[in-house]
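This report walks through selected local features of the model shown here, from a single loop residue to a metal site, a sheet and the nonpolar interior.

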Amino acid sequence: MGKRRIAMVLAAVMLLGCAGKVESAIPTGPVGSDTLYVKKVEDLPDDFILGMDASSVIAEEQSGVRYYSFAGEEQDVFRTLAENGVTHIRVRVWNHPYDAEGHGYGGGNNDVEKAIEIGRRATKYGMRLIVDFHYSDFWADPGKQMVPLAWKDMDIGEKSDALYAFTAESLKAMKKAGVAVGMVQLGNETNGAMCGEKTFEKIAKLMQAGSKAVREVFPKALVAVHFANPERSDAYDGYAKKLEVFGIDYDVFASSYYPYWHGTLENLANVLNGVAETYGKKVMVMETSYAYTGVDTDFSGNTISDETTTIIKDYPFTVQGQANNVRNVIDTVAHVKNGIGVVYWEGTWITVGTNSWEENHEKWEKFGSGWASSYGGSYDPNDAGKYYGGSAVDNQAMFDPSGSPLESLKVFNLVRYGNEIEPRADAIADTVLAFDLKGKIELPDTVDAVLTNNETRPVPVVWNVSDADLEKMYAGGVQTYDITGTAEGLIAHAYVSMINFNYLKNFGFEDGVLEPWRIEDRGGADQLNVENKITDSLNGTYHMHFWSAKKGSVDFSLTQEVKDLPAGDYTFTISIMGGDAGETDIFCFVLVDGVEVGRTPMQITSYGNWDTQSVAGFAVREGQTVTVGISVRCAGAGNGAWGKIDDGLLNGVG
Ligand code: CA
């Protein structure tokens, strides 16, 4: 085995010609782990791409970051990646990420030169490079596809010539340096735009120019296109169809897949299968990642944190949760038709220091190791210019803040062999409870433990709460408490809300039906229904949804009638959010025995901005009927008014 391996390495060196010595560090057997549970991915092809985007490494190293092996020794991070099963390194390439004085825009200052250095080091350890041309001077994604400054005044013919020349020259330089290029991307997350162009006819011209350059310089490399948002129905089929109609010469249709936002794995499999079957293309996930902690480590806020509530969280934010996400994405793509690989995004982008924001900021500015430096503002004033800073994904890296690899890094190797050790509790699911101020607080004896294999099971819990604490909670009025406990040696959280009893039934639509709410649809809206979508709900997973295209057709009221209330004073509260509303007349109101006793105006502005209003302190006598509700009238603007209503509360006062 050993001799055979040497022979193969020699052959590789000869093939590479002038390249440096290749010492493939990719293991041929399981690396083993005492703590990481990995379910084997069945029928994983030997040549399945297990990639890591490591674009920031050089800027990180220039900032003083050191990377270590599992043995605790400082070593080339590319060697560590290879030793744990990574087969491909992905690197982004920006045309010229520097201002007129030569200050880097940040995000790794990833120009061609850096791609070559990263490529050489990846090649040295037996990995191949995936070149991710953004065709921009800085970040390109579905939100922005800015043209490189040097190309901004070109017409489409000149621009495609320039793109061809840039691609060919960059790749030739890589070839000369002995970089093993395995794949080249024509743009990054090019959902409907690329290189400043927004019509597909022009985008197609640019892509074709890029493809031609790749075919000429690296005829064996795969040509990839890359899109995001697989959760949008029919979007991928639409892109693939356009690529076919315009005759783009490419091999791989690649997708980003961030599980927080990008739908289920089942949906991902469906859309990738669709492209593979209909258009005969190879498919893959070009970016995925998952948080191993909710805590920021570099003093620059993260995209995902413990406080992020508007996301889908299929796994706990643990090292094991991170590995489970990677394993399941690999399992999904491996079983899709023509599925060829999965690339993790920026697993090496860790903090450049643990002392202070000031110290880190200096390094981000000088070496470009943050997502954007202040200099980035000269090119991208609306984003980099306002929000420049450090890494927003350091909690999704696969190295800890000191540069040591996390156990999850082994997942790239262990998916091939499995490491199905006895599952143990890895995290405790949060317990969410609500008690009436006049009722009794009863904390559960068990909580749900999330096991290392991502199954859950109830385990005993001891809450750190005294009788005196409970007395304070009864006396403290309406508020939410975070009570901690211990279960299986892990910390458990119970979020206990002390509330006034809510006399409304199905108050937050969590029954999944409208009843006993009623709708009076005065305008004939296109959509007026209870919807199951956690990210659009104020609480829980359901809410009342409305949308209508025609002007003035959003005009309805939503009411609930309550009888047999104890005599006393009450307050009614409800929440709404929405947009594209134009002129509105929205209010919550209360009728007692059919007579209006109060109304309060409400507003909708934009997504996620809930307006919560009340009709406060109205009196109800024995035997009276109370009707609470919200009336919504929107003139509509643009795409039609839309909105969400949630959490009606009818509470006694005092
Ligand atoms: Ca951060």
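Gly-178 lies in the loop between α5 (156-176) and β4 (181-186). In this predicted model, Gly-178 has a relative accessibility of 6% and therefore counts as buried, since the limit for that class is under 20%. The C-alpha atom of Gly-178 is 8.5 Å from that of Gly-119, although 59 residues separate the two in sequence.

**Calcium site**

The calcium ion is coordinated at 2.2 to 2.3 Å by Asp-296 (OD), Asp-298 (OD), Ser-300 (O), Asn-302 (OD1), Ser-391 (O) and Asp-394 (OD). Along the chain, these donors follow the spacing D-x1-D-x1-S-x1-N-x88-S-x2-D. Distant parts of the chain are linked by the pair Asp-298 and Ser-391, which are 93 residues apart: Asp-298 sits in the loop between β7 (282-288) and α9 (319-334), and Ser-391 in the loop between α11 (384-387) and α12 (411-417). Both Asp-298 and Ser-391 are buried. The arrangement around the calcium ion is octahedral because the six donor atoms subtend angles of 73 to 175 degrees. For comparison, the ideal angles for six octahedral donors are 90 or 180 degrees.

**An open antiparallel sheet**

Five strands, in the order β16-β19-β24-β21-β22, form an open sheet with antiparallel pairing. The edges are occupied by β16 (518-521) and β22 (595-602), each of which has a single partner strand, so that one side of each is left without a neighbour in the sheet. On average, and with direction ignored, neighbouring strands of this sheet are turned by 20 degrees against each other. Within the sheet, β19 (residues 554-562) and β24 (residues 626-634) run antiparallel and are joined by nine bridges; Gln-560, for example, has Val-628 in β24 as its bridge partner.

**Nonpolar cores**

In soluble globular proteins, nonpolar side chains tend to be buried together. Two of the cores in this model are set side by side below.

| Core | Size | Residues named |
|---|---|---|
| Largest nonpolar core | 100 residues | Most contacts inside it: Met-52, Phe-78, Leu-81, Ile-89, Phe-253 and Phe-412 |
| Second, separate core | 35 residues | Including Phe-509, Met-544, Leu-565 and Val-628 |

Helix α6 (residues 200-217) supplies nine residues to the largest core, which is the largest share of it. Phe-253, one of the residues with the most contacts inside that core, touches Val-225, Phe-227, Tyr-236, Tyr-239, Ala-240, Leu-243, Val-275, Lys-282, Val-283 and Met-284, when residues up to four places away in sequence are not counted. Val-628 belongs to the second core and is also the bridge partner of Gln-560.

Note on methods:
Residues numbered from 1 in each chain as written. Predicted model: local features only at pLDDT ≥ 70, side-chain atom pairs only at ≥ 80, totals over all residues. Heavy atoms only, no water. Donors = N, O, S within 2.8 Å, 3.2 Å for Na, K, Ca; no water. Tetrahedral: all angles 85-135°; square planar, octahedral: opposite > 155°, others 65-115°. Helix = DSSP H or I, 4+ residues; strand = E, 2+ residues; numbered from the N terminus. Buried < 20%, exposed > 50% of the residue type's maximum accessible area, 1.4 Å probe, protein only. Pairing = 2+ DSSP bridges. Axes fitted to C-alpha atoms, helices over the stretch in contact; angles between N-to-C directions. Core = buried A, V, L, I, M, F, W, Y, C linked by side-chain atoms within 4.5 Å. Contact = heavy atoms within 4.5 Å.
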